[in-house]
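Hi everyone, thanks for making time this morning. I'd like to walk you through one protein model, so have a look at the screen while I talk.

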Amino acid sequence: MGLRKKVLASVTAIGIASGGLIITAGGAGASVGNAKAKVTVGSKTYKMSGGACVVTGNNVDIGIGSKPNTLGINATTKKGKFSNAQIGMVLSGKPVAITTDTGTANSKGGTFKGTDVVSHSKVKGTFTC
């Protein structure tokens, strides 16, 4: 997948974090409003709260925060782990997109790490649902 498509996918994840509507099939596990995240980019840490985590089978969709800090993750997990998920953020009003990443996720929360495609800064984070 080309860089442009990966960045667009991450922007879609940012849309989820910015208040987009998430609709899932029956049997979904969802936590709405109580989600929290902590993200570190380089040496700066950002904390976010509010939003939703939706888990359906092996899919995890997360939208946490509000302006100026939001986090969106769309991942497919295998045994609770993922790689190369769609992860997008807006931190202090600036977009951050991670396209080469690893992490863990389930209905209670998870972790992720990767590198921002624009600034090339190391990014790591945790979230709770």
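I'll begin with the overall picture and then go through a few parts of the chain.

First, please keep in mind that what you see is a predicted model. Its mean pLDDT is 80, and 74% of the residues reach 70 or more. The stretch to be careful with is residues 1-28, where the pLDDT is below 50. In the model, that stretch has 38 contacts beyond near neighbours in sequence, so please treat those with the same care.

Now the overall make-up. The secondary structure comes to one helix and 11 strands. Going along the sequence, the helix comes at the start of the pattern and the strands follow it. There are 129 residues, and 40% of them count as buried. If you take contacts between residues at least 6 apart in sequence, 37% of those join residues at least 24 apart. As for the surface, the protein exposes about 7,100 Å², with carbon and sulfur atoms supplying 54% of that.

Let's go to strand 11, residues 122-128. Which of its side chains are buried, and which are not? They alternate along the strand. Val123, Gly125 and Phe127 point to one face and are buried. Lys122, Lys124, Thr126 and Thr128 point to the other face and are not buried.

Strand 11 also has pairing partners. One of them is strand 2, residues 36-41, which pairs with strand 11 in the antiparallel sense over six bridges. If you want a place to find that pairing on the screen, look for Val41, whose bridge partner in strand 11 is Val123. That is the Val123 we just met among the buried side chains.

Another partner is strand 10, residues 109-116. Strand 10 and strand 11 run antiparallel and are joined by seven bridges. Here you can look for Thr115, which has Lys122 as its bridge partner in strand 11. These two strands form a hairpin with five residues between them. In the turn you'll find His120, which has a positive phi of about 65°.

Next, the cysteines. How many disulfides does the structure hold? It holds one, formed by Cys53 and Cys129, with their sulfur atoms 2.3 Å apart. The angle about the S-S bond is -85°, and the link is left-handed. Cys53 lies in strand 4, residues 51-56, while Cys129 sits in the segment after strand 11, so the pair ties together parts that are 76 residues apart in sequence. As a reminder, a disulfide is a covalent bond between the sulfur atoms of two cysteines.

Are those two cysteines buried or exposed? Cys53 has 2% relative accessibility and counts as buried. Cys129 comes out at 23%, and counts as partly exposed, because the cut-off for buried is under 20%.

Now to strand 6, residues 69-76. Six of its eight residues are buried, so the strand is largely enclosed by the rest of the structure. Strand 5, residues 59-66, pairs with strand 6 in the antiparallel sense over eight bridges. In that pairing, Val60 has Ala75 of strand 6 as its bridge partner. The two strands form a hairpin, with two residues between them. Strand 6 also pairs with strand 8, again in the antiparallel sense, over five bridges. There, the bridge partner of Leu71 is Met89 in strand 8.

Just after that, in the loop between strand 6 and strand 7, is Thr77. Buried or exposed? Thr77 counts as buried, at 9% relative accessibility. What is Thr77 in contact with, once its neighbours within four places in sequence are left aside? The contacts are Asn58, Val60, Phe82 and Ala105. You may recall Val60 from the pairing with Ala75.

My last stop is Asn84, in the loop between strand 7 and strand 8. Asn84 is partly exposed, with a relative accessible area of 49%. Not counting residues up to four places away in sequence, Asn84 touches Thr99, Thr100 and Asp101. From C-alpha to C-alpha, Asn84 and Ile98 are 8.2 Å apart in space, and they are 14 residues apart in sequence.

That's my tour, and thanks for listening.

Notes:
Residues are numbered from 1 along each chain as its sequence is written. Side-chain values use heavy atoms; hydrogens and water are left out. Buried means under 20% relative accessible area, exposed over 50%, partly exposed in between (1.4 Å probe, protein chains only). Helices (H or I, at least four residues) and strands (E, at least two) are DSSP runs, numbered from the N terminus. Two strands pair if DSSP finds at least two bridges between them. pLDDT is the predictor's confidence in each residue, from 0 to 100. Contact means heavy atoms within 4.5 Å. A disulfide is a pair of cysteine sulfur atoms within 2.5 Å. Accessible areas come from the Shrake-Rupley method with a 1.4 Å probe; for residues, only the protein chains shown count as cover.
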